[in-house]
Amino acid sequence: MDSRVEGLSVAAEAEMYRKRYGTTPAEADHSTLIRMIEDLLNEGLETQVDPFPETDREFSAILDELRGLPADALREKLVISGWLLKPHGPDEMRCQECMYFLVHRRWCDLPELNLPAEPEWWCRLWRI
Amino acid sequence: MANLLWLQGGACSGNTMSFLNAEEPSACDLVTDFGINVLWQPSLGLELGDDVKAILQKCISGEIQLDIFVFEGTVIDAPNGTGEWNRFCGRPMKEWVKELTAAAQFVVAIGDCATWGGIPATAPNPSDSKGLQFLKREKGGALGANFTSKAGLPVINIPGCPAHPDWVTQILVAVATGRAGDLTLDEFQRPKTFFSSFTQTGCTRNMHFAYKVSSTAFGQRKGCLFYDLGCRGPMTHSPCNRILWNRVSSKTRAGMPCLGCTEPEFPFFDLAPGTVFKTQTVMGVPKDLPEGVDKKGYVKLTAAAKGAAPAWAEEDIFVV
């Protein structure tokens with residue numbers, strides 16, 4: 001799964017997940033969602049890492065983009081949020097220290113994302 | 001017996017409403033148990049028009065001894081320094097304030113508007129509003145930085161939007177019963193007995209603050225409101241979680257972020273869009289950190305706390 005998904009409608013994207021994983025992001029369990037995220041990024045999905053939202057206005061603008069997405073729009077969520085499977089920046093920012101990260105549930109609690117996450121991952125909605 | 005006069009400038013009457021809800025002691029207790037004689041109050045006074053004016057004039061002339069002058073609301077200077085936008089009993093309120101504060105033994109400012117300007121003084125401050133002795137953090141206000149009442153005290157500031165009713169009545173009782181000398185005031189002339197601790201002191205969400213678990217939406221009972229929803233509890237001096245509202249609750253206990261209304265900068269960030277109910281950050285780090293904590297320490301503390309957080313901290317433990 002790589003750049004071929006560009007331009008797919010959410011319904012078509014959901015169908016693609018169903019074929020590959022037997023379920024869609026909206027219905028997938030924690031481990032399947034983790035696998036979907038890892039597969040997307042390991043297979044070359046480019047996410048919008050920059051610019052990091054320096055102000056709350058910029059941060060809110062990203063949230064506005066995410067807010068309207070359906071739960072199956074996993075690829076769009078990852079792209080818009082600048083999701084990475086590794087720490088980022090000179091300070092090695094990572095989910096482990098982010099206030100939205102629930103350490104035990106391994107979950108990003110930011111309502112606009114609401115996705116599983118790993119401690120060593122990162123996205124540009126990182127806040128401490 | 002202590003004579004009390006209460007006037008209102010640029011305000012919403014919120015502090016009067018709060019005062020009338022006082023319980024320990026109540027507004028009635030002030031009269032029946034503590035010997036306070038309410039000369040006039042906007043919501044309680046029976047006199048109207050010239051009869052009110054006569055009371056004010058007698059206070060100024062000394063015919064009636066004015067022991068406590070309470071002011072609620074801002075002192076309005078507009079337009080062009082005349083104060084004509086807020087006339088009362090035939091003249092600008094600012095003139096009554098000047099003369100009554102000079103005649104009073106004690107002057108008490110109730111609520112943010114009277115203390116440091118509050119919402120009316122928010123930029124661009126069209127009514128040219130001031131607090132009695134402050135404009136936001138700047139000392140001076142309507143009466144000047146060096147003002148002291150006849151008893152030798154500066155204005156006693158009881159901020160809040162509104163002030164908690166019991167802060168008001170307890171301070172009035174202290175003054176009326178000759179214990180004003182026991183009051184120690186902080187740099188903003190707030191009684192230290194109420195304004196040394198923080199709103200966060202006693203907050204039921206403190207364990208979530210400690211383990212860095214955030215509330216991310218209104219109505220969530222888990223999580224701390226500081227990290228995302230703009231709560232100013234760790235930076236705000238007030239006893240809101242020690243002396244509860246209606247004796248049962250507080251904003252943060254009810255899931256409402258503290259707006260920092262007992263601090264001179266309230267309303268913060270001049271109510272710019274996106275600043276209310278949203279923690280302001282720079283590069284992901286809160287602009288305003290808990291008092292006494294620096295950025296480096298905050299980052300270290302977060303890493304340690306996240307690493308040590310127990311699983312239950314991520315759950316709603318307030319099961320109905």
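## Two chains, two sheets

A2(B) stands opposite I36(B), a residue of strand β2(B). Strands here are DSSP runs of E with at least two residues; helices are DSSP runs of H or I with at least four, and both are numbered from the N terminus. This is a predicted model, in which local features need pLDDT of at least 70 and side-chain atom pairs count only at pLDDT 80 or more, while totals for chains, interfaces and linings use all residues. Residues are numbered from 1 along each chain as its sequence is written, and chains are lettered from A and ligands numbered from 1 in the order in which they are written.

### The sheet of chain B

The pair just named belongs to β1(B) and β2(B), which run parallel and share four bridges. Two strands count as paired if DSSP finds at least two bridges between them. Five strands of chain B form an open sheet with parallel pairing, in the order β2-β1-β3-β7-β11. At its edges stand β2 (36-40) and β11 (156-158) of chain B; each has a single partner strand, so one side of each is left without a neighbour in the sheet. On average, neighbouring strands of this sheet are turned by 25 degrees against each other, direction ignored.

The table lists three strand pairs of this sheet, each with one pair of facing residues.

| Strand pair | Sense | Bridges | Facing residues |
|---|---|---|---|
| β1(B) and β2(B) | parallel | four bridges | A2(B) and I36(B) |
| β1(B) and β3(B) | parallel | five bridges | L4(B) and I68(B) |
| β7(B) and β11(B) | parallel | three bridges | A109(B) and N157(B) |

How many of the seven residues of β1(B) are buried? Six are, so the strand is largely enclosed by the rest of the structure. Buried means that 20 or more other C-beta atoms lie within 10 Å of the residue's own; exposed means 12 or fewer, and partly exposed lies in between, with C-beta atoms placed from the backbone.

A helix also meets this sheet. Helix α4 (residues 93-103) of chain B lies across β1 (2-8), β3 (68-72) and β7 of chain B. The helix runs at about 150 degrees to β3(B). Axes for such angles are lines fitted to C-alpha atoms, for helices over the stretch in contact, and angles run from 0 to 180 degrees between N-to-C directions.

### Domains of chain B

Chain B is assigned domain 1 (2-194) and domain 2 (197-314). These bounds come from an automatic or database domain assignment. Taken over C-alpha atoms, the centres of the two domains of chain B are 31 Å apart. In their contact, 17 residues of domain 1 of chain B meet 13 residues of domain 2 of chain B. Contact means that the C-beta atoms of two residues, placed from the backbone, lie within 7 Å. The domain 1 side divides into eight nonpolar, four polar and five charged residues. Ala, Val, Leu, Ile, Met, Phe, Trp, Tyr, Cys and Pro count as nonpolar, Asp, Glu, Lys and Arg as charged, and the others, Gly among them, as polar.

### Backbone details of chain B

A cis peptide bond joins E24(B) to P25(B), with omega about -5 degrees. P25(B) sits in the loop between α1 (14-20) and α2 (27-32) of chain B. The bond from A78(B) to P79(B) is also cis, with omega near -5 degrees. P79(B) is in the loop between β4 (75-76) and β5 (87-88) of chain B.

That loop between β4 and β5 of chain B also holds N80(B). N80(B) is not a glycine, yet its phi is positive, about 55 degrees. It counts as exposed because it has 8 C-beta neighbours inside 10 Å. Q189(B), not a glycine either, has a positive phi of about 65 degrees. It lies in the loop between α6 (165-176) and α7 (192-195) of chain B. Is Q189(B) buried or exposed? With 22 C-beta neighbours inside 10 Å, Q189(B) counts as buried.

### Chain A and its contact with chain B

Chain A has an open sheet of three strands, ordered β1-β2-β3, with antiparallel pairing. Its edge strands are β1 (101-102) and β3 (115-116) of chain A, each pairing on one side only. Strand β2 (residues 107-108) of chain A is joined to β3(A) by two bridges. There, C108(A) stands opposite L115(A).

The contact between the chains takes 19 residues from chain A and 21 residues from chain B. On the chain A side, helix α3 (residues 56-67) gives the largest share, three residues. That side divides into nine nonpolar, three polar and seven charged residues.

Confidence in chain A is given as pLDDT, the predictor's confidence in each residue, from 0 to 100. Its mean is 91, and 95% of the residues of chain A reach 70 or more. Over residues 1-5 of chain A, pLDDT stays under 50. Where pLDDT is low, the predicted coordinates should not be read in detail.
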